[in-house]
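Q: I am new to reading protein models and would like to look closely at just one part of this one. Could you choose a stretch, go through some of its residues with care, and explain each term as it comes up?

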Amino acid sequence: MKLFKKKSLSYILVASMAMAALTGCSKEDKKTEDAVVEDNTTATEDKNEETKEETKEEVKEEVKEEATEEVTEEETTEEEATEEVTEEEATEEATEGAATYTGTAAGFAGDVTATVTMNEDGTIANITVDVASETPALGGVAGPDVAAAIVENQSLAVDTVSGATVTSTAVINAVRIALTEAGSELAQ
């Protein structure tokens, strides 16, 4: 019987009939064996039902988790959009009555252009850089980072980005040209 351990009823019946034929067992033995087969079949069916119920519960949980994740992602997107709008509004408010100056310097793969917005009090309100000609993963990332550091420090004495030194220096030089055009002391 151990050779024929299958959960299917047909395999169990075939196995028990083969055993009966090989061992020449009596009708009583056959009835006992049939009862064991029936018990095994019932137990297998019960186990299959339990497995189906567990699977249904797991699927329900997965669907709930996915729905929760989607809602969370939507909320995060709304929060990010609100933050972006707030940042834009702050920049617009900060640049009211401000003047804009542009400078261009040679970068690694082409020109880097910096547009500097100056407040009436001579401080830097905002810098946008065009580093489209630079390597996207290096200079494309370094350019805006260097510009943000200049605004934060209100100085050109900022660190360059390792791996994008040429682009970093080009941003600093382009900002210097724009500040010189503005007549700012920060150009020094």
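**A close look at helix 4**

A: Let us begin with isoleucine 172, whose place is in helix 4. Before going further, please keep in mind that this is a predicted model, in which local features need pLDDT of at least 70 and side-chain atom pairs count only at pLDDT 80 or more, while totals for chains, interfaces and linings use all residues. Residues are numbered from 1 along each chain as its sequence is written, and side-chain values use heavy atoms, with hydrogens and water left out.

For orientation, the protein has 4 helices and 3 strands (DSSP runs numbered from the N terminus, with helices being H or I of at least four residues and strands E of at least two). Along the sequence these elements follow the pattern α-α-β-β-β-α-α, and helix 4 covers residues 165–182.

Isoleucine 172 counts as buried because its relative accessibility is 9%, where buried means under 20% relative accessible area, exposed over 50% and partly exposed in between, using a 1.4 Å probe and protein chains only. Leaving aside neighbours within four places in sequence, isoleucine 172 is in contact (heavy atoms within 4.5 Å) with Val146, Ile150, Leu156, Val158 and Thr160. The C-alpha atom of isoleucine 172 is separated by 8.7 Å from that of alanine 114, although these two residues are 58 residues apart along the chain.

Serine 168 also has its place in helix 4, and this serine counts as buried because its relative accessibility is 0%. With neighbours within four places in sequence again left out, serine 168 is in contact with Ala142, Val146, Thr160 and Val161. If you set the two lists side by side, you will find Val146 and Thr160 in both, since each of these residues is in contact with isoleucine 172 and also with serine 168.

Arginine 176 is another residue of helix 4, but at 31% relative accessibility this residue counts as partly exposed. Apart from its neighbours within four places in sequence, arginine 176 is in contact with Leu156 and Ala187, and Leu156 has already appeared among the contacts of isoleucine 172. Arginine 176 lies 72 residues from threonine 104 in sequence, yet their C-alpha atoms are 9.3 Å apart in space.

Now let us step just outside the helix, taking the segment that follows it and then the loop that leads into it. Serine 184 is found in the segment after helix 4, and this residue is buried, with a relative accessible area of 11%. Not counting residues up to four places away in sequence, serine 184 touches Met118, Gly122 and Leu179.

Glutamine 154 lies in the loop between helix 3 (139–153) and helix 4, and its relative accessible area of 24% makes it partly exposed. Its backbone deserves a second look: most residues other than glycine have a negative phi. Glutamine 154, although not a glycine, has a positive phi of about 55 degrees.

Finally, it helps to place these residues against the whole protein. Of its 188 residues, 22% count as buried, and isoleucine 172, serine 168 and serine 184 are among them. Looking at contacts with a separation of 6 or more, residues 24 or more positions apart account for 45% of them in the protein.
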